[in-house]
Amino acid sequence: MDADFQLNTYSILYKQGSVEVSFEPLLPTLVPFGSPGTANFSSFVDANVSPWLAFPPFSLFHRTQCASNIYNFTEAYIRPVNMTLQINGGILQSIPNGNYTNAGNQPLGAWQIDVHTRITSTYNCP
Amino acid sequence: MSIKVFLLFCLISTSNSDINCRTTAWWVLQPFLKSDLQPFISQSGEDLTFNSSNPLANYMNSDEYPVYFEFNQQNRCEESSLPPFVANLTQQTFAEFKLEIPYLIRKNKTFMLKPLVYQNSSLNVEATRLVYGLPTYLVS
């Protein structure tokens with residue numbers, strides 16, 4: 001598993017499968033979220049509003065709990081990227097093998113980000 | 001090995017506290033067929049349904065649904081409840097991939113499902129499984 005922020009590549013090798021991703025930056029540098037041209041990133045902010053489901057094995061009362069990733073998006077640095085993704089060997093389970101592309105700066109897009117993250121402990125779901 | 005056990009103990013014993021990280025990453029929202037995603041939902045054992053009026057529905061076909069890929073490098077992750085010296089000692093930096101399905105409906109509320117996680121730290125794989133119960137696998 002390797003994240004190379006100089007070459008803009010990311011790879012995963014697991015058993016017989018692999019993921020190979022390359023990203024083409026659409027801006028020369030990361031810019032603050034809210035800068036001109038970053039409005040489409042708001043779809044990622046929206047997606048992170050809701051909590052995620054956790055299944056702590058030693059929970060005494062409720063098997064299913066929740067947790068949240070709380071990002072400091074107001075101080076995040078981002079830039080849109082074009083993505084080329086290759087999935088081999090069933091490594092992403094029911095996600096089909098194949099080549100996928102994503103033209104970065106759109107609501108269904110691809111972005112590079114640098115942000116502070118707080119991951120909460122588990123709590124009872126709302 | 002004893003250090004690893006100590007670190008794991010620290011992480012699990014402080015599972016009621018938050019974790020602070022600096023995330024450098026690429027994030028992607030990509031549409032996939034709902035039929036490809038249904039196995040993840042079924043495996044969760046939860047009564048989850050696709051939200052057909054999710055905010056991204058207008059950007060894809062009706063038989064598709066957004067998947068959120070996180071290609072992360074988590075830097076200097078620390079438990080917030082530990083004394084600074086111990087937090088610094090147990091600090092973790094690692095790569096992780098997360099496959100997520102957002103905007104799912106459960107009991108009329110919206111949730112995200114994380115059905116697949118890869119990490120390159122055995123310590124964090126164990127902690128993620130024990131603290132959050134996520135299906136997490138170690139890759140070198």
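This passage describes the contact between chains A and B in a predicted model, and then the surroundings of one residue of chain B, Tyr118(B).

In the predicted model, the contact between the two chains draws 50 residues from chain A and 52 residues from chain B. On the side of chain B that touches chain A, at least two residues come from each of β1 (19–33), α2 (34–44), β2 (64–79), β3 (92–106), β4 (109–119) and α4 (122–132) of chain B. Among these elements, β1(B) gives the most to that side, with 14 residues. By residue class, the side of chain B that touches chain A comprises 34 nonpolar, twelve polar and six charged residues.

Strand pairing also links the chains: β1(B) and strand β10 of chain A, which spans residues 110–119, run antiparallel and are joined by ten bridges. Within this pairing, His116(A) has Arg22(B), a residue of β1(B), as its bridge partner.

Tyr118(B) is placed in strand β4 of chain B. Because 22 other C-beta atoms lie within 10 Å, where 20 or more are required, Tyr118(B) is classed as buried. When residues up to four places away in sequence are not counted, Tyr118(B) touches Met1(A), Ile12(A) and Tyr14(A) in chain A, together with Glu96(B), Phe97(B), Tyr137(B) and Val139(B) in chain B. With regard to Leu99(B), the separation from Tyr118(B) is 19 residues in sequence, while the C-alpha to C-alpha distance between Leu99(B) and Tyr118(B) is 9.0 Å.

Technical notes
Residues are numbered from 1 along each chain as its sequence is written. Chains are lettered from A and ligands numbered from 1 in the order in which they are written. This is a predicted model: local features need pLDDT of at least 70, side-chain atom pairs count only at pLDDT 80 or more; totals for chains, interfaces and linings use all residues. Two residues are in contact if their C-beta atoms, placed from the backbone, lie within 7 Å. Helices (H or I, at least four residues) and strands (E, at least two) are DSSP runs, numbered from the N terminus. Ala, Val, Leu, Ile, Met, Phe, Trp, Tyr, Cys and Pro count as nonpolar, Asp, Glu, Lys and Arg as charged, and the others, Gly among them, as polar. Two strands pair if DSSP finds at least two bridges between them. A residue is buried if 20 or more other C-beta atoms lie within 10 Å of its own, exposed if 12 or fewer, and partly exposed in between; C-beta atoms are placed from the backbone.
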